[in-house]
Amino acid sequence: MTDRAMVRRWLAAYEAAWRASSTESLLQIFTDDASYRQSPYQEPVVGLDAIRQMWDDERDGPDEIFTIATDILAVDGPTAVVRAEVRYGNPLRQEYRDLWIMQLGGDGRCHWFEEWPYWPGQPRAARD
């Protein structure tokens, strides 16, 4: 059963994986067939190899300067909802406030992950 302690461990492992020089540690946090949706309207990246490639394409590498703060909002069965605030660069070049929705298995690895990212200047309402 997923609980807050499991989610906290997963969040720490996620941050450590993002800071790592390779993507090998993703095996510890995602299942081989995991689905990773970078926003609610994007098609998911499916499978550990595809997630590794996406991470390699998205991050600057192990020396990338960023901070991350997370707050677990809810845990229900295998599903957890987390609010994350991520700030890149010094000086700041980009920041996000995100909702992460994830489903963890009994081994603590994620098999379904979805982000709802927001950043300064992003429209709050639909426009014609």
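**Stop 1: E95 and R87.** Select E95. At 18% relative accessibility, E95 counts as buried, because the cut-off for buried is under 20%. Its salt-bridge partner is R87, with 3.1 Å from N to O. Now colour R87 by accessibility. R87 comes out at 33%, so the label is partly exposed. Keep in mind throughout that this is a predicted model.

**Stop 2: E24 and R52.** Show both side chains. They meet in a salt bridge, 3.9 Å from N to O. E24 sits in the loop between α1 (4–19) and α2 (26–29), while R52 belongs to helix α3 (residues 48–58), so the pair ties together parts that are 28 residues apart in sequence. Is each end buried or exposed? E24 is exposed, at 53% relative accessibility. R52 is buried, at 17%.

**Stop 3: other salt bridges.** Go to D107 and R109. Their closest N and O atoms are 2.9 Å apart, and the pair forms a salt bridge. Next, add D49 to the E24 and R52 selection. Salt bridges with shared partners link E24, D49 and R52 into one network. The structure has 11 salt bridges by the rule used here.

**Stop 4: the β3–β4 hairpin.** Select residues 66–76 for β3 and residues 79–88 for β4. The two strands run antiparallel, joined by 10 bridges. Zoom in on I68 in this pairing. Opposite I68, in β4, stands V86. Then move to the turn. There are 2 residues between the strands of this hairpin, and G77 takes a positive phi near 60°.

**Stop 5: the largest pocket.** Switch on a surface. The largest pocket holds about 490 Å³ of space. Select W18, E58, Y88, Y96 and E115, which are the closest to its centre among 23 lining residues. Which elements give two or more residues to the lining? They are α1, α3, β3, β4, β5 (94–104) and β6 (110–118). Of these, β5 provides the largest share, with 4 residues. Colour the lining by class. You should find 12 nonpolar, 4 polar and 7 charged residues.

**Stop 6: the second largest pocket.** This pocket has a volume of about 160 Å³. Two stretches of its lining make handy selections. One includes S39, P40 and Y41. Another includes W116, P117, Y118 and W119. Add Q122 and P123 to complete the lining. Colour by class again. Here the lining has 7 nonpolar and 2 polar residues, and no charged ones.

**Stop 7: the largest nonpolar core.** Hide the surface. In soluble globular proteins, nonpolar side chains tend to be buried together. The largest nonpolar core in this model has 29 residues. Where should you start? Pick W10, F30, W55 and M102, the residues with the most contacts inside the core. Then show the contributing elements. At least two core residues come from each of α1, α2, β1 (30–37), α3, β3, β4, β5 and β6. Which element gives the most to this core? Select α1, which gives 7 residues.

**Last view.** Keep α1 and β5 on screen. α1 gives the most to the core, and α1 also gives two or more residues to the lining of the largest pocket. β5 supplies at least two residues of the core and the largest share of that pocket's lining.

How values were computed:
Residues are numbered from 1 along each chain as its sequence is written. This is a predicted model: local features need pLDDT of at least 70, side-chain atom pairs count only at pLDDT 80 or more; totals for chains, interfaces and linings use all residues. Side-chain values use heavy atoms; hydrogens and water are left out. Two strands pair if DSSP finds at least two bridges between them. A salt bridge is a side-chain nitrogen of Lys or Arg within 4 Å of a carboxyl oxygen of Asp or Glu. Buried means under 20% relative accessible area, exposed over 50%, partly exposed in between (1.4 Å probe, protein chains only). On a 1 Å grid over the protein atoms alone, a cavity is a set of points where a 1.4 Å probe fits but cannot get out, and a pocket is an open set with protein on both sides within 12 Å along at least five of seven lines; lining residues have an atom within 4 Å of a point. Grid points are joined across faces, edges and corners, and a volume is the space filled by probe spheres set on the points. Ala, Val, Leu, Ile, Met, Phe, Trp, Tyr, Cys and Pro count as nonpolar, Asp, Glu, Lys and Arg as charged, and the others, Gly among them, as polar. A nonpolar core is a set of buried Ala, Val, Leu, Ile, Met, Phe, Trp, Tyr and Cys residues joined through side-chain atoms within 4.5 Å.
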